[in-house]
Amino acid sequence: MGTIKTIPIARVKNITKETFVKEYYKPQRPVLIEDLTRSWPAYEKWNLDYIQSLAGDQIVPLYNNEPTKGRKKSVVPAKKMKLYDYIEILKSGPTDLRMFFYNVLQKMPELTKDFSYPDIGLPFFKKLPVMFFGGKGSKVLAHYDMDLADLLHVHFHGEKTVTLFRPDQAKYLYKVPFTVHNLETIDMDNPDFTKYPALQQVEGISVTMKHGDALYMPSGYWHYITYLNGGFSITLRAFPRHPKKLAKLFSNLLFMRNFENIMRRTLGQKWIDYKENRVVARLNRRYSKQQHD
Ligand SMILES: O=C(O)CCC(=O)C(=O)O
């Protein structure tokens, strides 16, 4: 067992649009902006009680850390329950139940009054603010967002640690082919370097987010997340404009997930095992060759 190598993230306050674009957006460097949301009504209002009071009756899909097996689709909810009941679980202690990509405009449009899109040079797509919820101890698998958006991710109520990886670090992360995530058997908080030695080479950037902190994650950056206690986040996204990235975005959205689901439906667990064994063999072979060169 071991620990992933990380350096702390850059942190700023009072950042201007010019500085953000020059120092972070253009060079695609992540940064934590500590005071960006202080003027949002959400900074005072948003907590788990408030969300419960607004939308507690909604039935929501919840996901856990169990890998989906066999012929099931790659993303299927573990449970469904009332949002009120789920938030009670979040308040009461450890759980691996998470909710993700909860569409604010469709599900809780009232919340749009409580935040604004900051004028920092990111061309925000205002039709898709989405929320994420997690309980103490829940973990988000290392992945990058398949739409390759630049992300502004703001956390509320509790604390969570986020570890980011530049896109060029993917070669050490045991990415599963035809997905955007790494192997579900890897615990990035306590990785097994005997089974997955290439993880010793990866370099991450780490941050603990507190209520109201805004994290800029550049396009294609990998991230894995551990909730330290129950809380929730909102992600605002800006789509890429470069033709090469747009082509990748469309291939990811139109082709990759459909292909993966067709292969799972037809070959089931054999397909999953084949891909996973292949990626482990390939990365471990390369790692051991590098050690002997
Ligand atoms: O915070 C989470 O639960 C997941 C966030 C995430 O993966 C994202 O915003 O892309």
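**A predicted chain and the shell around its ligand**

Student: What percentage of the 293 residues of the chain count as buried?
Tutor: The model is predicted, and burial here is judged by neighbours, a residue being buried if 20 or more other C-beta atoms lie within 10 Å of its own. Among the 293 residues of the chain, the share that meets this test is 33%.

Student: Why is the chain said to be as compact as a globular protein of that length?
Tutor: The chain contains seven helices and 14 strands. For 293 residues the globule rule gives 19 Å, and the chain is as compact as a globular protein of that length because its own radius of gyration is close to that value, at 19 Å.

Student: Which residues is Leu-173 in contact with, leaving aside its neighbours within four places in sequence?
Tutor: Leu-173 belongs to the largest nonpolar core, which has 62 residues, and is one of the six named as touching the most other members, Trp-222 being another. Once the neighbours within four places in sequence are set aside, the contacts of Leu-173 are Ala-142, Phe-165, Asn-182, Val-202 and Trp-222.

Student: How many of the residues of the shell around the ligand are charged?
Tutor: The residues around the ligand include Phe-100, Gly-134, His-153 and His-223, and also Arg-98 and Asp-145. Strand 6 (98-103), strand 7 (130-134), strand 9 (150-156), strand 13 (222-227) and strand 14 (231-238) each give two or more residues to this shell. When the residues of the shell are divided by type, five are nonpolar and five are polar, while the number that are charged is two.

Key: Residues numbered from 1 in each chain as written. Predicted model: local features only at pLDDT ≥ 70, side-chain atom pairs only at ≥ 80, totals over all residues. Core = buried A, V, L, I, M, F, W, Y, C linked by C-beta atoms within 7 Å. Buried ≥ 20, exposed ≤ 12 C-beta atoms within 10 Å, placed from the backbone. Contact = placed C-beta atoms within 7 Å. Near = placed C-beta within 6 Å. Helix = DSSP H or I, 4+ residues; strand = E, 2+ residues; numbered from the N terminus. Nonpolar A, V, L, I, M, F, W, Y, C, P; charged D, E, K, R; others polar. Rg over C-alpha atoms; globule rule 2.2 N^0.38 Å.
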